[in-house]
Amino acid sequence: MNMNSLFVRHREARSAVAIHLSLRHPKNGLPRSLRSFAMTGLIVSLFLLPLPTNAANPVITEVTSASGVKAWLVQDSKLPLIALRFAFRGGVETDPADKQGLAVLTTTMMMQGAGAYDDSAFQERLAASSIAMEISAGRDYVAGEVKTLSRKKEEAFHLLALVLTQPRFDQTVLDRVRGQQQTAVTAQLAKPAWQARYALYTHLFGAHPYGYRSLGTVASLNKITREDMVSFTQSRFARDTLFVSVVGDITPDELRTRLDQLFGALPEKAKTQDIAPVTLPEKPMSVLTKREGTQTNIIFAAPTLMRRDPDWYAAEIANYILGGGGFIARLMKAVRAREGLTYGIATGLAPTEKTSLLMGGFDVDNGKAAEALALVKRVWQDFYAKGVSEDEVQAAKDYLIGSAPLSLTSTDAIADALLSMQTQELGIDYLDRRDALYRTVTREDVSRVITQYFAPSALSFSFVGKPDGVTTDKVQDLVKE
Amino acid sequence: MKKTLGVLCVWAALSSPTTAHAAVFYPESATLANGLQVVVIQNKLSPAAVQMVWYKVGAADDPQGRGGLAHFFEHMMFKGTAALPDGAYSEQIAAQGGDDNAFTSHDYTSYHEIVAADRLPLVMQMEADRMRGLILDDEKASSELSVVKSERQQRIDNHPQGLFGEKFRAALFPAHPYGRPVIGSKEDLDRLTPADARAFYQKHYAPQNAILVVSGNVEFADVLRLAAATFGRVEGNTAITDRAPIQQNTPSSRGASDRIEMQDARVTQPMVMASVPAPSLNTNLRRSYALEVLAEILGGGEVGLLYRHFVTDQKIASSASVSYDPTARGPSSFSWSAVPSASTETRALEKQIKEWLAQKASTGIDAATVARAKQRLQDAAIFARDRLAAPAQIVGEALAVGIPLNELESWPQRIHSVTAAEVNAAFRDVMKSQGWVTGILEPAK
């Protein structure tokens with residue numbers, strides 16, 4: 001009955017009173033705390049999952065507007081709704097080093113007034129038509145979405161076109177939103193998961209933009225001006241770096257017109273900047289960030305293969321067997337089910353444009369940290385040294401193939417899928433091909449990938465807490481600002 | 001098929017601005033001979049189906065001194081039966097590409113799976129099997145209990161927010177089971193035994209205490225036939241009688257504090273919140289709908305009046321929100337919370353919000369604002385259809401706390417019928433209610 005709290009977006013009412021549900025286990029796959037690395041504003045994890053043959057894939061049509069804007073469309077009028085997603089190449093990675101937080105601040109500000117509507121008027125217009133609209137900055141992309149009832153589409157497209165071409169960036173609003181983002185920066189510092197990630201990324205990426213703080217710092221945000229945001233949108237938003245996907249109650253003909261209404265006025269070419277390639281450190285390391293408390297948050301990472309590598313699908317299978325497969329995975333079976341040492345442990349592949357990581361993590365009582373860590377390393381070493389069985393490979397394929405259609409359960413989910421397929425250059429027929437991409441992987445392929453990418457000696461560790469009996473290369477205090 | 005046509009027609013009707021008479025999910029329902037209620041929500045958007053089995057037992061039913069038992073038992077439900085040994089449950093579902101999980105609240109316990117619609121028979125058989133066929137092994141229970149203790153550490157003890165939330169809830173419902181943590185206190189968890197789990201299972205897990213909800217690309221007749229062939233074979237437990245009504249809330253009967261303040265070195269950003277026990281749909285139906293509209297008016301995102309005033313206009317808060325959840329067997333609560341902006345003192349913000357709310361309640365909210373909020377809520381019911389699991393969640397939760405299907409389906413009409421006068425009466429009453437609790441969580445000085 002709480003349809004409003006379940007479905008009205010942007011409701012921030014997650015008060016302390018709301019902590020009243022207890023789950024059996026954290027969601028499968030990459031721990032939530034780690035997803036932000038893979039978050040390019042798109043749902044990457046969806047593409048771990050191909051479709052089985054018994055399910056009809058959504059029919060995707062490529063639509064091209066008069067001005068040349070392309071979009072992938074799944075037309076479906078079962079519900080009177082339209083979901084549109086878009087992405088422009090270039091996200092947080094393009095922030096200037098001394099103005100970290102620019103991409104996030106700019107995209108937040110884009111929803112705070114456009115054209116003739118100031119911040120309040122703009123939000124009122126969205127709410128009056130129950131239009132959900134959001135623009136966000138991920139590591140490699142700036143992504144946007146709008147979801148509207150068909151009967152409000154005129155207003156929805158009108159407002160989105162204004163956002164893209166006439167954002168206001170009013171100074172008084174900027175002062176407020178900057179303050180809000182600074183508050184978010186401060187709140188972030190209290191999260192062990194963020195501290196763990198930041199320590200790990202600092203080691204892995206050094207001064208490369210992939211090590212930047214997406215929200216910036218209080219000081220870096222103070223340096224950002226209105227001009228920085230204007231130039232961000234003018235240089236970045238162009239038709240040559242744009243990807244669009246649409247799902248719902250709209251015809252290809254209408255979409256052609258709408259694409260020009262939304263994106264036709266944008267410059268043809270973006271002024272892109274080259275981001276240096278990522279060179280990950282040769283030697284892994286471990287770092288402890290000291291925090292008072294009863295448990296230690298442990299995360300780990302190693303370099304892995306790129307998304308476009310032909311062995312990608314074998315790596316997904318290897319990851320599933322080791323740590324990606326929930327209660328089926330070896331790590332969960334050993335560390336939780338058998339020894340009861342943690343509530344959950346998981347690993348996942350986190351691909352981005354410039355690098356790829358195999359990551360994982362878990363929480364453990366301080367007193368049991370050394371025991372749990374030793375167990376994780378033992379399980380991992382056994383996996384690396386002895387490889388996997390035919391049965392395990394088959395079980396992983398069954399899941400990875402069978403679960404694909406089960407994630408395409410809403411217009412938003414399908415639109416996300418279509419967008420990721422475009423940015424990852426998987427091809428418009430990917431949904432029809434991916435079943436075979438997993439099916440043809442052999443145990444030998446998986447073994448090769450394990451030998452190459454799953455050496456336990458390649459893992460870097462980041463601890464946040466007060467773990468008993470754990471020694472690390474480096475010990476540091478919490479990041480305080 | 002005729003169902004689909006019906007749905008399309010009604011949705012077409014719903015597309016016009018006057019949306020007073022549409023339903024929401026169009027569920028179909030029947031009860032098996034052994035007492036199990038079966039509900040089907042057809043959804044043709046994807047090839048998948050979600051099964052949720054709801055048991056009408058939750059943390060509020062934990063025996064005194066055995067807090068956390070309902071939730072601990074939920075974990076034990078995955079530990080194997082004669083037909084499916086420990087671990088096989090998740091393996092079977094994963095082999096189909098499916099996922100499964102479970103959760104426990106004060107009022108209910110729910111188990112759910114998502115699979116391709118044609119694999120539904122398998123998961124129905126599996127849920128039916130463990131409804132009364134669980135093998136509760138002592139050794140597994142003790143290992144699982146340490147998982148639950150670790151879960152408690154991870155979610156509560158290791159975070160000032162978690163500990164603050166527990167204290168706050170205890171103060172809000174001092175003499176009511178809703179004041180106890182679902183996961184159980186450390187002391188209670190140390191007392192739990194495998195025997196407790198066995199007794200709990202015998203007492204609460206049986207078809208007449210459960211609801212099966214299926215959402216997905218299925219026909220009602222097919223699901224009903226499958227349900228009869230699987231769950232229908234589970235013997236009822238005649239010892240289970242209708243659930244006794246949950247106790248009413250009596251504010252402050254054991255002299256609870258109306259103020260929880262906590263300072264912690266790990267907190268970096270202060271926050272202030274306040275809550276008061278409030279009627280739920282079960283305790284006061286019409287008032288509850290008015291409170292839903294009120295919460296949308298005050299707390300509906302950036303256009304919510306509280307956010308608008310304190311964040312957008314006055315700029316003394318960085319965030320401000322209002323929440324109210326109408327779905328509970330017993331009392332619900334009405335809450336607001338805010339984070340001060342950098343230049344604002346937390347207690348000064350608290351004072352201003354309280355004054356503003358009191359003032360607003362006395363002057364009242366105008367009819368146009370009420371109408372806009374009602375429209376947004378009714379639109380939300382359309383968006384709610386564009387999900388697979390959420391409809392099963394909403395329907396199951398409502399039934400588990402005793403709200404009938406026809407009430408759930410009339411939600412848009414009920415919201416439509418709320419008047420500005422009712423919203424303002426609810427506003428005035430909630431502001432002067434007994435039992436407000438204020439909480440501040442802030443960095444240690």
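**Exercise 1. State how chain A is divided and describe the domain contact.**

Chain A splits into domain 1 (48–263) and domain 2 (286–477); these bounds come from an automatic or database domain assignment. This is a predicted model: local features need pLDDT of at least 70, side-chain atom pairs count only at pLDDT 80 or more, and totals for chains, interfaces and linings use all residues. Residues are numbered from 1 along each chain as its sequence is written, with chains lettered from A and ligands numbered from 1 in the order in which they are written.

Step 1. Taken over C-alpha atoms, the centres of domain 1 and domain 2 of chain A are 28 Å apart.

Step 2. Count the contact: 37 residues of domain 1 of chain A and 39 residues of domain 2 of chain A take part. Two residues are in contact if their C-beta atoms, placed from the backbone, lie within 7 Å.

Step 3. Find the main contributor. On the domain 1 side, α7(A) gives the largest share, nine residues. Helices (H or I, at least four residues) and strands (E, at least two) are DSSP runs, numbered from the N terminus.

Step 4. Sort that side by class: 25 nonpolar, six polar and six charged residues. Ala, Val, Leu, Ile, Met, Phe, Trp, Tyr, Cys and Pro count as nonpolar; Asp, Glu, Lys and Arg as charged; the others, Gly among them, as polar.

**Exercise 2. Trace the six-stranded sheet of chain A.**

Step 1. Write the order: β2-β3-β7-β4-β6-β5, an open sheet with mixed pairing. Strands pair if DSSP finds at least two bridges between them.

Step 2. Locate the edges. β2 (61–64) and β5 (132–137) of chain A each have a single partner strand, so one side of each lacks a neighbour in the sheet.

Step 3. Inspect one pair. β3(A) and β7(A) run parallel, joined by four bridges. A:V74 lies opposite A:V247 in β7(A).

Step 4. Add the helix. α3 (residues 102–110) of chain A packs on the sheet and touches β5 and β6 of chain A.

**Exercise 3. Identify the buried face of helix α3 (residues 88–95) of chain B.**

Step 1. List the buried residues: B:Y89, B:S90, B:I93 and B:A94. Buried means 20 or more other C-beta atoms within 10 Å of the residue's own, with C-beta atoms placed from the backbone.

Step 2. Look down the axis of α3(B). The buried residues fall within an arc of 125 degrees, so they line one face of the helix. The arc is that of the directions from the helix axis to the C-beta atoms.

Step 3. Name the cover. It includes α14 (390–402) of chain A, plus β4 (99–104), β5 (109–116) and α4 (120–132) of chain B.

Notes: Buried ≥ 20, exposed ≤ 12 C-beta atoms within 10 Å, placed from the backbone. Axes fitted to C-alpha atoms, helices over the stretch in contact; angles between N-to-C directions.
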